[in-house]
Amino acid sequence: MKLDIKEIPFSRFGSYFCVSQEKESKETYIRDVHGGDDAPSKLFKLDLLEDGVEKEFIITATETALRFHLAGNTEKYAEIILPEEDELHIQTSGVEVRLQATKVKYDTLYEYDEGVYEYHLYPKELKLMISRLSGEISVEAPWNVIGNDFIDIRMKNGHFVIESYRTVYKPKPYASFQAGKEKVEKLYREWTANVTKKSEIYQDSIARAAYITWSSVVHPHGLLNDYAMYMSKLWMYNIWSWDNCFNALHLGATYPELAYSQLKIFLNTQDESGAYPDFVNDKFVSYNCIKPPIFTYVYEKLMDRNDYFKDENRLREIYESTKKVMHYYDRYRTYEGRLPHYKHGNDSGWDNASLFHQGMPVEAPDLASFLIRSYDSLSRFAGMLGEEAEAKQFTKKADFLFELLMERLYDEKGFFGRVGKDAEKINIRSSLILRLPVIIGYRLDKEVMNQLVEDLLENFETPYGLATEMMASPFYQENGYWLGPVWAPVTYLFVDSLTNFGYSEIGKRIRDKFLNLTLVGGMAENFDPISGKGLVDTSFTWTSSVFLELVEKKLMED
């Protein structure tokens, strides 16, 4: 695959290093995603020089190697590979690479040994060792009391390594550039061999999605005890607690250990109240918002596809953790006589959806539906674990919430929300979020389900799938995040529900529209429902994971 690093960063499985190019300025940066998306990621601006003069260059990128050559002269080039998770190698021929550090006040660089420089990245709590293995290296980094005024590194006609570490540098032998290149190529071939079947129509999308899922994984570090798939290494380099479930879902068939580790990230950081964090990275855990409970929904699907997840110890771990989650919603998110509520739009994952435009807190039918389905799943898990009394309790709880949902948040027009301390009826009904009770279609009366499906087709279906806001709504916005664009996880929830609860042809049609959407908009965070253009972050893992999941099902049918 030819990689456009303006849209998809160049990286590899396990690495925090990546290289990307700014869309507007076209400046190219070596970056590092330690510390999450609130930490500065740019390490060095990269340029090519000839005879000390900055030159225009062309970028040629594959999944495993990134080459920069002078415009009009492919023999004069620099190449970057990531043969190890914590190493970035640069090879130059006929040109000089200039790295200009994007440093802040306390960042400091000094000469550690002959041809070796140590760079302290103060806000990232990270250190780099920059080494010349062959060729010429020169550094201009004038010292000024507490750090360097600037850092300018030049590398010419040789092999150079940038290696990251946290506390203690441990020298090790480096592979030759060619050997390192062959190693990472082998690793990627092994990953893609397990991705999915070949498809003439969707092969470009398959290749793109396979690379994004592979290259967005980081190695255990800090708060991350296992390999973790970031949502992106472009902008959103954290792990959010419902994004991770869709990534786990796709990994489950072939990489069950890696899939389970995506869930464990949040089991290991669960608050004593029972709440999972909003997001996690190697340095930081945030409980600012609490995403909808979909772990059991996903775990049931993982069990259906791989016996690894039926292991009693793993099932017990998910079971006990989810019980704490449900206790959190019961105790801390529910007023007496009401349904559990959201305190913030971001709690729902649908940050700015029109349902939340009248204030907070909001009783929402999607949250109630996720909880009902979770209780039904817990009842199944309890039966498998021999906890018969608890199984009955969970079914009763699901029954109670379902009755309350239909009593409080449903009328002849469909589902709605309630807002504020007085739980006033929300008169805005134009968001797709209000149609998510399809996930409990197995409990809904047929006429209610038919009404939901008719509403979907009449008001939300577009050339590329389901818009998140009615097209005719005054709240609809082009590139409006959750006010119109198509999203992969939502598409999956609707496709799965429609397919399994009696509307398979409609579900398959929505699925195919989404698959076709990726041919236009790639693997973006979300998409324009009319043009198909990819929006916001253009290298997103839950989009890639959902795509690979849906295309595999389609190819199996065909």
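# A tour of a predicted structure

Let's start with Tyr-106, which sits in the loop between β9 (96–101) and β10 (108–113). Keep in mind that you are looking at a predicted model. Tyr-106 is partly exposed, with a relative accessible area of 38%. Which residues does Tyr-106 join to make a nonpolar surface patch? Its partners are Tyr-122, Val-145 and Ile-146, and the patch covers about 440 Å².

## A helix tucked inside

Now jump along the chain to helix α4. This helix runs over residues 256–267, twelve residues in all. From its first C-alpha to its last, α4 reaches 16 Å, close to the 16 Å expected at 1.5 Å a residue. Is α4 largely enclosed or largely open? Largely enclosed by the rest of the structure, because ten of its twelve residues are buried. Among the buried residues are Pro-256, Leu-258, Tyr-260 and Phe-266. Ser-261 and Gln-262 are on that buried list too. As a general point about helices, an α-helix has 3.6 residues a turn, so residues three or four places apart point the same way.

Another helix to look at is α13 (residues 541–557), where you'll find Val-551. With a relative accessibility of 0%, Val-551 counts as buried. Where is Phe-514 compared with Val-551? The two are 37 residues apart in sequence, and their C-alpha atoms are 9.6 Å apart in space.

For another pair, try Glu-140 and Thr-296. Their C-alpha atoms are separated by 55 Å, and their positions lie 156 residues apart along the chain. Glu-140 belongs to strand β13 (residues 136–140) and is partly exposed, at 46% relative accessible area.

## Empty space

What about gaps in the protein? Rolling a probe the size of a water molecule over the atoms shows where empty space is left. This structure holds three cavities of 30 Å³ or more, and the largest has a volume of about 60 Å³. The lining of that largest cavity includes Ser-241, Tyr-276, Ile-290 and Lys-291. Pro-292 and Pro-293 also help line the largest cavity, as do Phe-295, Val-325 and Tyr-329.

## Charged pairs

Side chains of opposite charge can pair when their charged atoms come close. How many salt bridges does a search of the whole structure find? The count is 45.

Take Lys-283 and Glu-125, whose side chains meet in a salt bridge at 3.3 Å, N to O. This pair links distant parts of the chain, with their positions 158 residues apart. Lys-283 is in the loop between β19 (279–280) and β20 (285–286), while Glu-125 is in the loop between β11 (116–121) and β12 (126–132). Both ends of the bridge are partly exposed, Lys-283 at 36% and Glu-125 at 47%.

A second bridge joins the side chains of Lys-323 and Glu-390, at 3.2 Å from N to O. Lys-323 lies in helix α6 (residues 312–332) and Glu-390 in helix α9 (residues 388–408), so the bridge ties together parts that are 67 residues apart in sequence. These two also belong to a network of salt bridges that links Arg-316, Glu-320, Lys-323, Glu-387 and Glu-390.

Arg-511 and Asp-512 form a salt bridge as well, with the closest N and O atoms 3.0 Å apart. Is Arg-511 buried or exposed? Buried, since its relative accessibility is 5%.

## Backbone oddities

A few spots in the backbone are worth a look. Asp-51, in the loop between β3 (42–50) and β4 (53–55), has a positive phi of about 55 degrees even though it isn't a glycine. Asn-479 is another non-glycine residue with a positive phi, near 55 degrees. You'll find Asn-479 in the loop between β28 (465–466) and α11 (488–500).

Then there's a cis peptide bond, going from Met-360 to Pro-361, with omega near -5 degrees. Pro-361 is in the loop between α7 (345–348) and β22 (362–363).

Here is how some of these residues compare in exposure:

| Residue | Relative accessible area | Class |
|---|---|---|
| Asp-51 | 76% | exposed |
| Asn-479 | 45% | partly exposed |
| Lys-323 | 22% | partly exposed |
| Arg-511 | 5% | buried |
| Val-551 | 0% | buried |

Key
Residues are numbered from 1 along each chain as its sequence is written. This is a predicted model: local features need pLDDT of at least 70, side-chain atom pairs count only at pLDDT 80 or more; totals for chains, interfaces and linings use all residues. Side-chain values use heavy atoms; hydrogens and water are left out. Patches are made of residues with over 30% relative accessible area and no salt bridge: like charges are joined within 9 Å, nonpolar side chains (Val, Leu, Ile, Met, Phe, Trp, Tyr) within 5 Å. Accessible areas come from the Shrake-Rupley method with a 1.4 Å probe; for residues, only the protein chains shown count as cover. A salt bridge is a side-chain nitrogen of Lys or Arg within 4 Å of a carboxyl oxygen of Asp or Glu. Helices (H or I, at least four residues) and strands (E, at least two) are DSSP runs, numbered from the N terminus. Buried means under 20% relative accessible area, exposed over 50%, partly exposed in between (1.4 Å probe, protein chains only). The expected span of a helix is 1.5 Å times one less than its number of residues. On a 1 Å grid over the protein atoms alone, a cavity is a set of points where a 1.4 Å probe fits but cannot get out, and a pocket is an open set with protein on both sides within 12 Å along at least five of seven lines; lining residues have an atom within 4 Å of a point. Grid points are joined across faces, edges and corners, and a volume is the space filled by probe spheres set on the points.
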